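Student: I'd like to zoom in on one small part of this model rather than tour the whole thing. Could you start from a single pairing and work outwards?

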Amino acid sequence: WSQDTGLPMSPSMPRELTHRAEYPTRMAFNPASPSKFLLGAHGYFCIVDLDQPIPEHSNIFPPDHVRARRHVPRARLGPVDDEVGPGRKRKRLYSSTRPAAEKSGNFTVCLQYGNMLFMDFIADDEMVVVEQPWMDIVNALPDALERRIYGA
């Protein structure tokens, strides 16, 4: 597989993976599917199937997730509604309106979990994901020792 993609692999990988702010930090292998594995970072994981070709674009799950937003070039936009109103921004088209990526499902990026501390398979087709929400971390922080008020 690595010989087919060539080195460095980044030009042949889907753009949704190579242009992410975070990079993969973990791998998980499903004992039931030896040709598949998961690449994971703190905010996403990606399903990779070695038996299928590498698609040009990845599918995003869930497609309407906040971090799944993708700007569509102006050529793809339909007529723009100018009656937006003062102080309001126009809506952009995102990945849910983009034509579907490859039907294979290879390199599907899952954004359903955030701040993943641990991800691994515990049995055939059974995975555990441990995540810690940011609000739990913020609520656990102590109060400020001193608070300065400027301009008073």
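Which residue in strand 5 does Cys46 stand opposite?

Tutor: Cys46 stands opposite Val109 in strand 5. Before going further, bear in mind that this is a predicted model: local features need pLDDT of at least 70 and side-chain atom pairs count only at pLDDT 80 or more, while totals for chains, interfaces and linings use all residues. Residues are numbered from 1 along each chain as its sequence is written, and side-chain values use heavy atoms, with hydrogens and water left out.

Back to your pair. Strand 3 (45-49) and strand 5 (residues 108-110) run antiparallel to each other, paired over three bridges. Strands here are DSSP runs of E with at least two residues, numbered from the N terminus, and two of them count as paired if DSSP finds at least two bridges between them. In general, strands of a sheet pair through backbone hydrogen bonds, either parallel or antiparallel. The wider setting is an open, mixed sheet of five strands in the order 1-2-3-5-4. Its edges are strand 1 (26-29) and strand 4 (60-61), each of which pairs on one side only.

Now the side chains. Cys46 counts as buried because its relative accessibility is 0% (buried means under 20% relative accessible area, exposed over 50%, partly exposed in between, with a 1.4 Å probe and protein chains only). Cys46 and Val109 both belong to the largest nonpolar core, which has 13 residues. Such a core is a set of buried Ala, Val, Leu, Ile, Met, Phe, Trp, Tyr and Cys residues joined through side-chain atoms within 4.5 Å. The members that touch the most others are Leu17, Tyr44, Cys46, Val48, Phe107, Val109 and Leu111. Strand 2 (36-40) and strand 3 each supply at least two residues of this core. There is also a second, separate core of seven residues, including Leu38, Phe45, Cys110 and Met116. Cys110 is buried as well, since its relative accessibility is 8%. As for cysteine links, the whole structure has zero disulfides (a disulfide being a pair of cysteine sulfur atoms within 2.5 Å).

Follow the chain on from strand 5 and you come to Asn115, in the loop between strand 5 and strand 6. Asn115 has a phi near 55 degrees, a positive value in a residue other than glycine. Most residues other than glycine have a negative phi, and most peptide bonds are trans. Asn115 is partly exposed, because its relative accessible area is 24%. The loop between strand 4 and strand 5 has an oddity too: Pro62 is found there, and the peptide bond from Phe61 to Pro62 is cis, with omega near -15 degrees.

Strand 6 (residues 116-123) and strand 7 (126-131) run antiparallel, joined by six bridges. Met116, which we met in the second core, has Glu131 as its bridge partner in strand 7. The two strands form a hairpin with two residues between them, and Asp125 in the turn has a positive phi of about 55 degrees. Asp125 is exposed because its relative accessibility is 60%. Phe118 sits in strand 6 and is partly exposed, since its relative accessible area is 41%.

Methods: Helix = DSSP H or I, 4+ residues; strand = E, 2+ residues; numbered from the N terminus.
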